[in-house]
Structure formats: structure tokens, C-alpha cells
Amino acid sequence: MTVDWDWSYTGDILPDLLKGLRYTIIATLAGYAIAIVLGMVWTLLRRTPFAAVNQAVRWITEFIRSTPLLVQLFFLYNVLPSWGLSLSSLTTGIIGLGLHYSTYTAEVYRAGIADVPRGQWEAATALNLPRSRVWLDVILPQAVRRVIPTLGNYLIAMFKDSPLLLAINVAELLHEAFEVGSKSLMFLEPITLVGLLFVAVSVPSSILVRRLERRYATY
Amino acid sequence: MPPTDTTPDAPSPKKEAAAAVLPRGGAPGIRFEKVVKRFGSNVVLRELDFSVAPGERVTLIGPSGSGKTTILRLLMTLEKLDDGLIWVGDDTLWHMEKGGKRVPANQRHLHEMRKRIGMVFQQFNLFPNMNVLRNLTEGPVRVLGLSRDEAVERARGLLDMVGLADKIDAHPSQLSGGQQQRVAIARALAMEPRVLLLDEVTSALDPELVVGVQDLLRDIARESDLTMLCVTHEMGFAKDISDRVLMFDQGQIVEEGPPDRIFGEPSEQRTRDFLQAVLAS
Amino acid sequence: MSDVLDSYQLLLKGAWVTVQLTLYGSALALVLALVFGLVGTSRLRAVRALNRVYVEFFRGTATLVLMYWFFYSLPLIGLRFTPMFAAVLALGLNVGAYGAEVVRGSVNAVPRAQYEATVALNFTPLQRMRRVLLPQAVALMLPPFGNLLIELMKGSAVVSLITISDLMFRAKQIQASTGETLWTYVAILVIYFVIAQVLQLAVRLAERRVDRMLGRAPSREASLSTIAAGAPGAEVR
């Protein structure tokens, strides 16, 4: 097997790829912001005393979480305009990513709260703390510590899912790589580079998150 | 959910049963020669020397952290030896002969040596993925190469001895702590060890379940000729079961002697302090 | 809407391809997860390193990029895969890396006392793993494995981008021929959802069996570590 790697071609396409990387990062970060906030909304709605709201939210999030992001992106991209909502493909992609991952962050918040030992609630009750104090001073500070590493991990997961946006014509990294590849019919260099770029970003960041996890795991 | 068993635990095991299933003969002695064990910079055993005669019952007492449990764990090969020699019978546990020289033991040597030794743990450590019968037969079948039928027969005899014949199909989680510990004792004996190590075997039990396990071990001590090393905080039990008591502190033997003397008229201040503290609790 | 329902045969065909991809992909992922996961519990540093490299690399790459690479790039150096093979390989390698971390973490999470009991009973290292540690670890693995199975099924939708006619691919076809955008996508979302629910049910049943075997009460909701298993940096403990 001979590998014909064209270094000058590699140099030529690099600027295009970096431009794509910019969109990848924008989509990831903006989508993440939506996921973090919307996930909180889901979690709060699930704790409301109304059974109907509770169950509705439960099934909506379950539905979004167990169907493919790619299909959801196509849905938003093709259906929203027919409802009179014309958004750019980047905006659509950001909404899709954020919506999809909000159902994950909601699960993370829920499990983080459930993870606080029962004894903590009981101790707070025994001290006769008012409900709001129990939440703000006892439960949430402990829950937050537990969920931060997992939330960090989902940021990386979203980054890795961002190439899906190429399917709705967002000029992200893989999209750009495929474009330049199609022009020259040389796919080896651009796609390999993209793969390496992904590894170069996600591996160090997951190691970073793990450090974070170790630090937060010890009280 | 573990059952909360508050009924007094277990009738005392049947002695005939014990005599029938407990193997006799060939119990080795044990000798520690300048044994050193460190955990990091913490030296737990410092050139420790002591020996146990074949068939002797020795109880190790002393404050926690004095190295008693480490001695049992070294004998069970759960901790690595840092320096010195441990003899079990005529062989060294952690070393073997090779070309006339003494070299660190390989896995095969350890496997051979472990055949002589059995251990009962503080937390029972039954296998939750097996029922009582399989807990007792898995070792004999897989390790000793017994046939299924032989192993089952042996298991039945042992369960009869520990008074749990009716629990043969039960799951460990359905048993009380005392029952689990008696199954664990049967499991250790099913491997026909010649040395039995008992590591605080009643410390994790509810007070009312302690007596049943102790009675069982007394019977085993009486009806067998096993070499036994026992770490315990139950001084009454230690008195009954042992030929000799070793008082440890900071990895060294403070004093030793027959139980009557150690518990009755200890000569060392540290022993007196320790016994007082234990009795006060 | 009726136009979409009329094309139910196309939808069923697509769904079948999606199910096949999920089954093949998860079979490969399971094998890789067990092999590399157990390698990760070795006492030898060099052997453990093998696990780290596999896990970090394949958790770090995006499945779609991997699939593109297999499908578009490798042929240029003479390695030609069928689309189906490229897809299963990419899905399996990717999800297998998450699974390996689950296996490693679960085996390490079996209490040390259980390991000590196997030493005291003189089991060989292989017997320790096969008879005691692994059966107990399976109980810990199942819930995160359930999540990963759903992730793999969802991830399979990207194969439509390398010309495999799975459910997603059929949706685009039907949309083009009927012009029914909304109902097409609603229909396939529902099908994906149903497949996910069936898979989840299967895993639940398996969990219940294992819980019975271990004599423990089944847990009702996913724990934080189960949820974290599907994310790249997660350290499963």
C-alpha cells in the first residue's frame, strides 16, 4: 500500500478548513448555551406539581433524546420555513444542536440532584431550614459539583456532533473539507486533516474534563 | 435488601457433622523471619519474627494499625512481602528454589502454596452472583478439580455442620450476616485448607448474631487439627479458642503467652492499657 | 399525510436497514468494548496503554468524519469498503470506545473484597474474571450499555450521507416524491422513537434478569455515571 500524501495540497486547503473550524466552534458554543439553559427549563418543569406538565415534558424530552439529531436537523431545516420561520442554516443548526442536547443536560441536572444523598435532605429538614435555603445552601451546591464534569463532557460530545450540520449546508469543518475535496477529487488529505483536528481538540479537552472531575470528586 | 434477622442465630452445629467433614493430618507450622511490610513510607511490620506450631491456635490482639491483619493478608498473598521470609510448613510462601537459589515466587508457586491456606473475612465476601451451593462448590470444582457430585456432597456436609442445610439454594442477600459468615466459613473449609486465617470474623455482625458464629468456630477448633491464626477483639472468644495469644503494637510483638496469663496477669503496661480499653468498650 | 403512509413499504425497508445497522454495529461495538475494556483492567502498564489509545482516539473522533474517511479517503490509497461495511466499522469503532470505558470502569468497580475472596479460594486469574468479577460487572454495565445502544441507533442515521438507504435516506426520497415535508419527517421520527423504545425495553428486561441473579433491587432512574457514559471524556467508576 502506498500512501500518496500531497503536502503542498495540504497547505493549500488549510485556510479553507480553518474557516470551517470557525463555524464549527460558533455552532458548538451557541448550541451549548441553549442546551444549558433549556435543560434547566425542562428540569424545572418536571418538578412542577402538575402531573400533566410533568408527563408531557417527560415524553417530549424522551422523544427528542431517542431520535437522531440528523433527522431533527432536516425537520427544522425543511419544516420551519413552511411555517413562515425562515432562518439561516447556521441558526437552524444551532437551534437543533441546542434543543437535542438540552434533553441530555436535563437528565444530567435531574441525576445530579438525585445523586445528593437522602441524608442531606433529612439533615436539612431536621435543622428546620426553609425550603429555599435547603435548595440554595445544601442541595444545589452539591449537585453542581457533581454535574460540572458531565456537562463538560457533553460540550465535547456536541463538538463532535457538529459535523452533522453539513447535511443542512452549514459551512462547518467537514463540509468545507468535502467541498475542497470535490473540487480536486482528492479526499484523503482534507478528511484526514479534519479527523486529526477533531482528535486534537477533543482528546486534550476530555483529559482536561477528567482533571476537573477528579478535583470535584474529592470534597 | 438484606433481611433483618433478629432471632437468635443458629443452633450450635453438630459435632458429628464437624468430625465427618473436617480433614485431619498434615497441618503445617508457620514461621515469619525478619518480615518487613511497608505501605508507602509507613512501615507496618519491622523485621517481625514469630512462629506457629503445626495445629496450634494463635490469636493476634492489639490496637488497630498494629499490623495484625497485615500478617493474615501476607499469608493469604493478598499483600506483597517487602522483605524477609514466610515459611508455611517446609516451604517459603513468597519465594521458591530455582537453580539452588531463592527467587521471588511466580504465580504457579503461589497457587500451590495457597492450597494449604484458607481465609474467612470480616465482611464475609460471599459471591453475590452465585447461590449458597455454588459459593461452596465453585472452588472445589474449578480449582481442586472435584466432580460436580463430589463437590455438592462436600458442600452438603459442610452446610449441615454450620447448621444451614436448608439454605442451600438461598441467595447470599437473603441471609442474615451471621448466616452469611457461616456460609463463608463453610466455603473456606470446602477447599480443605490446612491453615485457617480468621480476620475479625465477628466484627461486622449484629451483637445477637456473634454467638452462633463463635460457637461454630469453637467446634471447628475442637474437632479439627487445623493450624489457626485469628485476629479478634472478642477477648472471651480468644481465650476459648487459642493456645497462645500474641499482643502486637506498632508491628512488633509486645508480649506473648497462654491466654490465661495474657488476659489474667499481663506483664506489659501496653497490654494492660489495651485490654482495659477493649473491656471498657 | 396519506401520501406518506402510502409509501409505508419504503419506510419499512429503510427501518429494516436501520435495525440491521444497529445490530451489526452494536455486535462489533460489544466485542471491541469487551476486548479493550478488559485490556484496560490489566496490571501491566503497557497493556493498559492499548486501552487508553483506543478509547481516547475513537471517543475523540466524530462518527461522521470517520465514516467519510473510510468511504471517501481510504479508497484513494487502495482500500475500498462497501458503504455498509464502512458504516458498521465507523459506528462499531466509535461506540465500542465508549463501551470499553464502561467495561473497564465496571470491572474496576466490583468491590476489591470480591477479588480477595477469589484469591483466598485460589482461583486462577482467568477464573477470577470469568466466574466472579465479570458476572458482577455486567450488572453495572447494562444501564450505560442501554444508553450506548440508543446512541448507536441514532448515530446510524448519518449513513444516509454515504448513500446507504436507511430510514433517513428513505425519508429524503419520499419527501422528494410526495412533497410532504412535515409528515415525512414526523413519520420517520416516530419510527426511530419506536425502535428506541423497543431497544430500551430489551435492555430493561436484561437488567431485571441480572438484578434478580445478584439478588438486588433494580434501580429505577439512570444515575449520573450512566448518563455520563455516552460522553467522550467520561471516566466511568
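**Chain C and its two interfaces**

UniProt lists residues 15–203 of chain C as "domain: ABC transmembrane type-1", in an unreviewed entry. UniProt positions follow the numbering used here, feature names are shortened, and annotations may be inferred rather than shown by experiment. This is a predicted model: local features need pLDDT of at least 70, side-chain atom pairs count only at pLDDT 80 or more, and totals for chains, interfaces and linings use all residues. Residues are numbered from 1 along each chain as its sequence is written, chains are lettered from A and ligands numbered from 1 in the order in which they are written, and side-chain values use heavy atoms, with hydrogens and water left out.

Start with the domain span. Residues 15–203 of chain C are 81% helix and 0% strand, and the end C-alpha atoms lie 20 Å apart. Helices (H or I, at least four residues) and strands (E, at least two) are DSSP runs, numbered from the N terminus. UniProt, again in an unreviewed entry, places the feature "transmembrane region" at residues 20–41, 53–71, 77–98, 137–162 and 182–203 of chain C. Take residues 182–203 of chain C: this span is 100% helix and 0% strand, with 32 Å between its end C-alpha atoms. Residues 53–71 of chain C are 89% helix and 0% strand, with end C-alpha atoms 23 Å apart.

Now turn to the interface with chain A. The contact (heavy atoms within 4.5 Å) takes 58 residues from chain A and 54 residues from chain C. The two chains bury about 4600 Å² between them, 71% of it on carbon and sulfur atoms. Buried area is the accessible area (1.4 Å probe) that two parts lose on being put together, summed over both. A:Val71, A:Lys160 and A:Arg210 supply 12% of the area that chain A buries against chain C, more than any other three residues.

Which polar links cross between chain A and chain C? The rule finds 10 residue pairs in polar contact, both at pLDDT 80 or more. A polar contact is a pair of N or O atoms within 3.5 Å; within protein, one must be able to donate a hydrogen and the other to accept it, and residues adjacent in sequence count only if both atoms are side-chain atoms. The rule finds 0 salt bridges across this interface. A salt bridge is a side-chain nitrogen of Lys or Arg within 4 Å of a carboxyl oxygen of Asp or Glu. On the chain A side, several helices supply at least two residues each, among them helix 2 (51–65) and helix 3 (69–82). Helix 8 of chain A gives the largest share, 14 residues.

The interface of chain C with chain B comes next. Here 22 residues of chain C meet 25 residues of chain B. About 2100 Å² is buried between them, 54% of it on carbon and sulfur atoms. C:Leu121, C:Asn122 and C:Arg131 lose the most area to chain B, together 30% of what the chain C side buries.

Chain C and chain B share 2 salt bridges. In one of them, the side chains of C:Arg131 and B:Glu138 meet at 3.8 Å, N to O. The count of residue pairs in polar contact is 9, both at pLDDT 80 or more. Helix 6 (112–120), helix 7 (125–155) and helix 9 (181–214) of chain C each supply at least two residues of this side. Helix 6 of chain C has the largest share, 8 residues.
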